[in-house]
Amino acid sequence: MTHLAKFDEDEELRTFLQQLLNDKCLINGAERFAQKLLEHGLDGIDAEERAFIETEVIEPYYSSCEDCGKTPNWADMLDTYDTGLCKACFKKATTVKPPVLDVA
Ligand SMILES: [Zn+2]
């Protein structure tokens, strides 16, 4: 898994990680490693820590849409994790069609 490959340049991925921290999604080691990564970047963690973050921090929340199968971008990842749907499919599923008027 290489979710972190572009971590240092990927603002959305950083925000995603920060959101996991803010929401207290991460516990114990996971929280500490995520914090370290955010503070020091990829160069600040070793291979073992990186592998841990990939599997224990990112992977559990890495979701794809149950409807269209697309993987959302990081900014929408937590919503997709919560709802099981990407933004477009969620909108489609929750948009109520206006009633058809029975015109006599
Ligand atoms: Zn979808």
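Helices here are DSSP runs of H or I with at least four residues, and strands are runs of E with at least two, numbered from the N terminus. With that in hand, Cys-65 can be placed in the loop between α3 (47-58) and α4. The model is a predicted one: local features need pLDDT of at least 70, side-chain atom pairs count only at pLDDT 80 or more, and totals for chains, interfaces and linings use all residues. Residues are numbered from 1 along each chain as its sequence is written.

**Exercise 1. Describe how domain 1 and domain 2 meet.**

Step 1. Start with the bounds, which come from an automatic or database domain assignment. Domain 1 covers 1-62 and domain 2 covers 65-94.

Step 2. Next, take the centres over C-alpha atoms: they are 21 Å apart.

Step 3. Now look for contacts, meaning pairs of residues whose C-beta atoms, placed from the backbone, lie within 7 Å. On this basis, 6 residues of domain 1 contact 6 residues of domain 2.

Step 4. Finish with the classes. Ala, Val, Leu, Ile, Met, Phe, Trp, Tyr, Cys and Pro count as nonpolar, Asp, Glu, Lys and Arg as charged, and the others, Gly among them, as polar. The side of domain 1 that touches domain 2 has 3 nonpolar, 2 polar and 1 charged residues.

**Exercise 2. Work out the packing of α1 and α2.**

Step 1. Fit axes as lines to C-alpha atoms, for helices over the stretch in contact, with angles from 0 to 180 degrees between N-to-C directions. The axes of α1 and α2 lie 10 Å apart, at an angle of about 145°.

Step 2. List the residues that make the contact. From α1 come Arg-14, Leu-17, Gln-18, Leu-20 and Leu-21, while α2 gives Glu-31, Ala-34, Gln-35, Leu-37 and Leu-38.

Step 3. Sort them by class: 6 nonpolar, 2 polar and 2 charged.

Step 4. Pick out one pair. Gln-18 and Gln-35 are 17 residues apart along the chain, and their C-alpha atoms are separated by 8.1 Å.

**Exercise 3. Is each of Ile-53, Gln-18, Cys-65 and Lys-24 buried, partly exposed or exposed?**

Step 1. Recall the cut-offs: a residue is buried if 20 or more other C-beta atoms, placed from the backbone, lie within 10 Å of its own, exposed if 12 or fewer, and partly exposed in between.

Step 2. Ile-53, in helix α3, is buried because 25 other C-beta atoms lie within 10 Å. Leaving out residues up to four places away in sequence, Ile-53 touches Leu-4, Phe-33, Ala-34, Leu-37 and Ile-58.

Step 3. Gln-18, in helix α1, has 13 such neighbours within 10 Å, so Gln-18 is partly exposed.

Step 4. Cys-65 has 19 within 10 Å and is therefore partly exposed. Among the residues Cys-65 touches, not counting those up to four places away in sequence, are Thr-80, Cys-86 and Cys-89.

Step 5. Lys-24 sits in the loop between α1 and α2 (28-40). With 8 other C-beta atoms within 10 Å, Lys-24 is exposed. Its phi is near 60°, a positive value in a residue other than glycine.

**Exercise 4. Which residues of α4 are buried, and what do they pack against?**

Step 1. In helix α4 (residues 74-83), the buried residues are Trp-74, Asp-76, Met-77 and Thr-80.

Step 2. Look down the axis of α4, taking the arc of the directions from the helix axis to the C-beta atoms. The buried residues fall within an arc of 130°, so they line one face of the helix.

Step 3. These buried residues pack against α1 (11-22) and α5 (87-94).

Step 4. Move on to Gly-84, just after α4, where phi is positive at about 80°.

Conventions. Contact = placed C-beta atoms within 7 Å.
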